[in-house]
Amino acid sequence: AFSIFGAALTMLSFASLAREVTRSAPAALIAALLFMLIGLSLDMRDEGYPDRIGQALAFLALIFLLRFARSNPRQWRELVPMCVLGFTAGSVYPGVAPLLEIIPMATLGMAAAAALRGRNLRSVSPLAIACVALMVVVLPVLAVRLLAALPTPGLEASLATTAPRLRVIVFHGYPFIDLRSFWFGGFTSVTAVATACLFGRARRQLLDGDPGAALLWGGLLFAPAVAITPLVTGSSNEIYALARIAFLLNPLVYLSIGWELSALRGLFTTVRARLVSPKVALSLVAGLLLVAASTHLIIVGLHAGPQPLYTGHRALSITVTRKNDLSKLWADRLRTLEAAGPGTILAGLETSYELAGLTGRRIVSVPGGHTPYQDNARDGALRRGDVADALNPSADPTALLSVLVRYQVTFVMVDLARDGKATWDWIAGQKELTTVAQGSGWKLYRFDPARLDQTLEI
């Protein structure tokens with residue numbers, strides 16, 4: 001149900017932002033369709049996750065930013081929903097807070113550069129007010145998010161749960177990220193086509209002082225501009241942060257393409273009227289190339305996304321997902337846990353992750369990458385190590401007892417396929433554990449603290 005809500009919120013907020021940026025309903029419709037077909041591959045199952053919800057709320061905040069920047073006389077009430085939505089978006093997902101600091105700065109920078117060309121910096125003041133207001137409101141959320149990850153030194157304080165596979169090139173001692181592995185996948189990639197589209201209508205609107213065009217230019221040029229500097233090549237933490245920001249900025253590429261495709265209607269009308277000049281002919285050639293590139297992107301996107309998703313048998317395909325529905329496959333485990341009563345569960349990392357989601361119970365740990373980074377920085381490695389020791393037959397025999405007591409564990413669940421036969425047999429021989437129930441390939445135990453003395457032979 002939450003995925004349905006998230007899908008509707010994401011698409012409506014993106015289409016509304018596209019409409020506000022371009023001030024064109026056809027452009028917004030085209031951009032939304034491209035985003036849904038290519039960007040999301042018609043797969044809305046992840047739209048209930050915090051990153052998508054936070055991203056959608058950020059889009060709504062940017063809509064009110066543009067409305068205030070364009071209003072004349074000033075509509076100060078537009079700042080209220082902008083600030084509320086911005087603060088909420090940053091609170092929902094950690095990556096959105098830096099996004100809402102970066103986009104206003106990039107937008108204001110592009111608008112100021114265009115205004116300097118016309119020597120009219122005063123025209124940027126409404127946009128500057130909105131950008132500064134949004135940045136100030138989001139700054140406390142960003143500070144809390146960052147400070148929460150700093151107390152523990154070393155790898156566990158990193159924002160990165162999994163380091164992105166980005167290639168760093170060193171040219172005469174100057175390190176930078178290879179854009180082909182990060183942003184531009186080739187001349188016909190979505191980002192390459194979208195960047196080329198900036199030099200059409202978006203460029204003209206930017207030079208005319210439009211804040212929507214400035215937002216589009218700033219949003220699409222930020223990631224590649226930072227990637228070619230040595231600022232983010234120092235650690236996996238910095239590379240991860242850039243990769244997450246780029247992921248959240250990615251929907252803007254469809255907005256750029258949609259805006260330019262919607263402009264072709266007027267171009268073809270001019271051609272039909274036989275008003276062909278060298279400038280119009282050049283625009284016509286560029287338009288035909290854009291149509292060809294967009295068609296190529298849609299065909300490739302459908303072949304790589306929706307087609308295998310709905311008709312194939314990949315790990316994330318609809319067929320495999322329905323076949324591996326744990327709420328049905330694990331129905332006997334879930335009924336047993338519900339009847340056994342409340343309590344913390346000790347299980348393997350993957351099993352714990354799934355049980356926590358299906359039952360809402362407390363668990364000891366989950367795999368790396370599935371924990372908020374502030375929790376991971378506090379004791380993520382310790383908890384994962386404790387689970388590994390507790391379920392390892394060759395580890396110190398007291399490790400299991402220590403974990404059971406320290407984390408106030410009530411139940412222990414072992415999975416024969418995941419944990420292995422050695423762990424299965426070893427857990428079965430523990431005197432402090434009593435069998436609650438078992439099924440095909442799984443067994444649930446209850447920890448009885450009263451048996452500790454017997455186990456320790458006290």
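The side chains of K443 and Q438 are joined by a polar contact of 3.5 Å. This comes from a predicted model. K443 lies in strand β6, which spans residues 442-447. Its surroundings, and the sheet that holds β6, are set out below.

**K443 and its surroundings**
- K443 is buried, yet it has no salt bridge.
- The nearest side chain of opposite charge belongs to D425, 7.5 Å away. A salt bridge needs the charged atoms within 4 Å, so D425 is too far from K443 to form one.
- Beyond its neighbours within four places in sequence, K443 is in contact with V412, M413 and V414.
- W424, T435, A437 and Q438 are also in contact with K443.

**The sheet**
- Four strands make up an open sheet. Their order is β3-β4-β6-β5, and the pairing is mixed.
- β3 (344-346) and β5 (433-439) stand at the edges. Each has a single partner strand, so one side of each has no neighbour in the sheet.
- From one strand to the next, the twist averages 25°.

**How β5 meets β6**
- β5 and β6 run antiparallel, and six bridges join them.
- One residue pair shows this link: T435 has Y445 in β6 as its bridge partner.

**The helix on the sheet**
- Helix α20, residues 421-428, packs on the sheet.
- Helix α20 touches β4 (409-415), β5 and β6.
- The direction of helix α20 makes about 35° with that of β6.

How values were computed: Residues numbered from 1 in each chain as written. Predicted model: local features only at pLDDT ≥ 70, side-chain atom pairs only at ≥ 80, totals over all residues. Heavy atoms only, no water. Helix = DSSP H or I, 4+ residues; strand = E, 2+ residues; numbered from the N terminus. Buried < 20%, exposed > 50% of the residue type's maximum accessible area, 1.4 Å probe, protein only. Lys, Arg positive; Asp, Glu negative; His and termini not counted. Polar contact = N/O pair within 3.5 Å; in protein donor to acceptor, adjacent residues only side chain to side chain. Contact = heavy atoms within 4.5 Å. Pairing = 2+ DSSP bridges. Axes fitted to C-alpha atoms, helices over the stretch in contact; angles between N-to-C directions.
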